[in-house]
Amino acid sequence: MRNLILVFGDQLNHDSAAFDGFDADLDQVWMAENQQEATHVWNHQYRLVAFFAPMRHFRDELKDSGKTVLYNALSSDQSSDASEANDSSFATILSQTLSDHDFESIVFVRPGDYRVNESIHQVATKHDVAIDQREDRTFYCSLDRFDEWADGRKSMVLEQFYRVMRKEHAVLMDDDGKPVGGDWNYDKQNRGKFGKGGPGEVRPPVSFKPDKVTSEVIKMVQSRFADHPGKADQFDLPVTRDQALIAMDDFVDHRLAMFGDYQDAMWNDEMFLYHSRLSHAINLHLLSPREVVEAAVAAFKEDKAPLNAVEGFVRQILGWREYVRGIYWSRMPEYAELNSLDCDCDQDVPSFFWDGKTDMACVADSMRLLIDTAYAHHIQRLMVLGLFAQLYGVHPAKFNEWHMAMYADAVDWVSLPNALGMSQHGDGGVMATKPYCASGNYINRMSNYCKGCKYKYAEASGDDACPLTTLYWDFLDRNKDRFKDNHRMSMQLKNLERKDADLMESIRERSKKIRDGKIAI
Ligand code: FAD
């Protein structure tokens, strides 16, 4: 045979560059569910279904279109598998395929994980098979273009990158080269919080009932990975492109208009609020970022959504999403090891990051959603779970491992810069010029969590003090020398200086007990 086309679980698009020049008489497709990807981090059951079910649907579509697909499926009963399947990886399965068949080359689009990319190259070298690695054209910004933009820059500010992308791709731009509406960014309008009555009725994202293929995957995962965290019984994500398009239209028609206003708000038991829940479909390439951006811009042009909402949404995709990919590939593999706070933070995530058992209302609610749906929205990720991990002193790489395990949309290229960089400040300021650190006051301002919480958000010491608040002052205290020249931290450090010495002593004591696991919180 001529080419073996490798399709990874996050590359489920029929117009992928990997299929350019495909000849059904000469070429075959290769896809592999494997044990190592399911276990190298302790994958949430929902997350496993979120990858394997779309893969099986895509396999079936490829077959229907006349392509031969060599597909490695995991079975429910691990003991019935050949022993190799029990520790299978992309490398072992591909190696076997290349031993069993005679292919001249392997063709693939760069996988979303540096580790997997390396292992594929190693297998090809071992089998002396040519490699044809192609650019992932679903992204707006090629990796070369990102490098060119980044070259020689002292700081890699997202806003500058985003403006370049807006101009280059003519998104929300007027004919005279100015941004539509006159401003590049409408974030000032996007910090709304809900009043006493809460958000009212927010139409939830469309839900997809598992079909036969998906139900089989759910059964397989529940049996084979029974000891893994989370649940898969509420699985309802889109698993095909057709379903993903329905999910996209549903967001644009019913939630986009308010996306901007309440982007940063949180409310107990409200899972998605006005967020799109499209990251999983976009990351698996069931949707292209371009079509999602175009749908949002069309809604603005048709007066269905205001500019602050549409610009805010576009910035997440054309800005942040493209930016984090550039950061990942231009800085790996060193990036994964960064730990700028040098963390007196070598901690693992606390046990309640797996089972949600904590009295902190904000963490408990975010965890409940995460356990049920492998999803939490951005502010819960950054300003509840990420914030707690940072203040508690979780090692940034361990936080990313946990993140990779728990979220349906996590692929290393997008998880690592967000988790290790933006959220934990592990990269020392590449992703964000200051750490996202805050006390329980922030949670109280942006949500109703503190009202029903056992802890008092404004108190920093004593048994009733909000653990986030205690940990926050101790975090600042532990890192004050490190941040003293960062002018964006000056206000927080000034407030720290004003703290009474006795109070600080009791904060340090309580924080140590929390971090050592001596107080259950
Ligand atoms: P919305 O709020 O509706 O946003 C729209 C889209 O914008 C998202 O679907 C996503 O495609 C894109 N987007 C928004 N913010 C980012 C960002 N910072 N980086 C990249 N894309 C962005 N996103 C992932 O897709 N995978 C991850 O593994 C991931 N890990 C994260 C870890 C942490 C600690 C944090 C703080 C953020 C992470 N994000 C990740 C970014 C963001 O939180 C999610 O994309 C978003 O919450 C997904 O929900 P949504 O589709 O409802 O997004």
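In this predicted model, strand 2 and strand 3 run parallel and are joined by four bridges. Within that pair, Met 31 of strand 2 has Tyr 71 of strand 3 as its bridge partner. The two strands belong to an open sheet of five strands, whose order is 3-2-1-4-5 and whose pairing is parallel. Strand 3 (69–72) and strand 5 (130–134) are the edge strands, each pairing on one side only. Direction ignored, neighbouring strands of this sheet are turned by 20 degrees against each other on average. Helix 2 (residues 45–64) packs on the sheet, where it touches strand 2 (28–32) and strand 3. The direction of helix 2 makes about 160 degrees with that of strand 3.

**Pairing across the sheet**

The table lists the strand pairs with their bridges and one residue pair for each.

| Strand pair | Bridges | Sense | A residue pair |
|---|---|---|---|
| Strand 2 and strand 3 | four | parallel | Met 31 and Tyr 71 |
| Strand 1 and strand 2 | three | parallel | Leu 4 and Gln 28 |
| Strand 1 and strand 4 | four | parallel | Leu 6 and Phe 108 |
| Strand 4 and strand 5 | five | parallel | Ser 105 and Ala 130 |

Strand 1 (residues 3–6) pairs with strand 4 (residues 105–109) in the parallel sense. Leu 6 stands opposite Phe 108 in strand 4, and Leu 4 stands opposite Ile 106 in strand 4. Leu 4 also has a bridge partner in strand 2, namely Gln 28. Leu 4 is thus a residue with partners in strand 4 and in strand 2.

Burial can be given for two of the strands. Strand 2 is mostly covered, with four of its five residues buried. Strand 4 is largely enclosed by the rest of the structure, because four of its five residues are buried. On the other side of the pairing, Ser 105 has Ala 130 in strand 5 as its bridge partner.

**Domains**

The domain assignment divides the chain into domain 1 (3–134), domain 2 (143–205 + 255–331) and domain 3 (352–515). Taken over C-alpha atoms, the centres of domain 1 and domain 2 are 32 Å apart. Contact between these two domains involves six residues of domain 1 and five residues of domain 2. The side of domain 1 that touches domain 2 has, by class, three nonpolar, two polar and one charged residues.

**The ligand shell**

Which residues come nearest to the ligand? Of the 28 residues around the ligand, these are His 275, Ser 276, Ser 279, Gln 316 and Ser 415. Four elements give two or more residues to the shell around the ligand: helix 11 (279–283), helix 13 (307–331), helix 16 (378–392) and helix 18 (412–423). Sorted by class, the shell has twelve nonpolar, twelve polar and four charged residues. Domain 2 (143–205 + 255–331) and domain 3 (352–515) each supply at least three residues to the shell around the ligand.

Notes
Residues are numbered from 1 along each chain as its sequence is written. This is a predicted model: local features need pLDDT of at least 70, side-chain atom pairs count only at pLDDT 80 or more; totals for chains, interfaces and linings use all residues. A residue is near a molecule or strand if its C-beta atom, placed from the backbone, lies within 6 Å of it. Ala, Val, Leu, Ile, Met, Phe, Trp, Tyr, Cys and Pro count as nonpolar, Asp, Glu, Lys and Arg as charged, and the others, Gly among them, as polar. Domain bounds come from an automatic or database domain assignment. Two strands pair if DSSP finds at least two bridges between them. Axes are lines fitted to C-alpha atoms, for helices over the stretch in contact, and angles run from 0 to 180 degrees between N-to-C directions. Two residues are in contact if their C-beta atoms, placed from the backbone, lie within 7 Å. A residue is buried if 20 or more other C-beta atoms lie within 10 Å of its own, exposed if 12 or fewer, and partly exposed in between; C-beta atoms are placed from the backbone.
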